[in-house]
Amino acid sequence: MTDRIDQPLRVLVVDDQQLVREGLTALLELTDGVVVVGAAGDGRQALDLVADRKPDVVLMDLRMPVLDGIAATAEVRDHFPEVAVVVLTTYADDESIAGALAAGARGYLTKDAGRAEIGMALRAAVAGHSMFDPVISARLAAALARSTPPPARDRLPDGLTQREAEVLGLIAQGRTNAEIAVALFVAETTVKTHTNNAFAKIGARNRTEAAGYAIRHRLG
């Protein structure tokens, strides 16, 4: 990631409701270090604007005509991997969350989020980190709690070890490396080693993709 000190964060706003688009644009323009480079009413318009305006991050709604937010997120990640996506939606159901994470979203917020929280999520996404609001974190934790126990060690997918699977499950809960270290009673450097090994095995580029993988494979 390039050094972004003193450079404004270029944001594209995507929402099918004009009033919401205009409100988000006005809100973000009041946020220090953020510039809105465009606004789109559906996923297809969003892809055209990503290609034209070169944003750093897209603030993406989910339920939209023409091309929905999950499909648009996947297209952005496939064709513009340098552009981060943060979901901002009214929907907090398991299917929407899992779909967005699997598509490559680096953050997931509900529309109850405030300006400061949205700004933090946008900056975290551009830095390669994930951020979920408390509602989404709780849903992720609940989904993992309902999951069946991890399969036997010799049946874990992609050659994962039991400890790597545990780390991925905790990542899906939104835990930081420091929090994972405390939970597993190991050093934070050990957590980083397990994380790097797991990412290499499953082909994850960031913690959001790893979380989506953990949810799909019921690791926890």
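## Two residues with positive phi

V66 lies in the loop between strand 3 and helix 3 (69-79), where helices (H or I, at least four residues) and strands (E, at least two) are DSSP runs, numbered from the N terminus. This is a predicted model, in which local features need pLDDT of at least 70, side-chain atom pairs count only at pLDDT 80 or more, and totals for chains, interfaces and linings use all residues. Residues are numbered from 1 along each chain as its sequence is written, and side-chain values use heavy atoms, with hydrogens and water left out.

Although V66 is not a glycine, V66 has a positive phi of about 70°, and V66 is exposed, with a relative accessible area of 67% (exposed means over 50% relative accessible area, buried under 20%, and partly exposed in between, with a 1.4 Å probe and protein chains only). K54, also not a glycine, has a positive phi of about 55°; K54 is placed in the loop between helix 2 (43-53) and strand 3 (57-60), and K54 is exposed at a relative accessible area of 51%.

## Nonpolar cores

The largest nonpolar core (a set of buried Ala, Val, Leu, Ile, Met, Phe, Trp, Tyr and Cys residues joined through side-chain atoms within 4.5 Å) has 32 residues, of which Y108, L160, L168 and L219 touch the most other members. Two or more residues of this core come from each of helix 4 (94-103), helix 6 (134-146), helix 7 (162-172), helix 8 (177-184), helix 9 (188-202) and helix 10 (207-216), and helix 7 gives the largest share, six residues.

A second, separate core has 21 residues, including V11, V13, L59 and L122.
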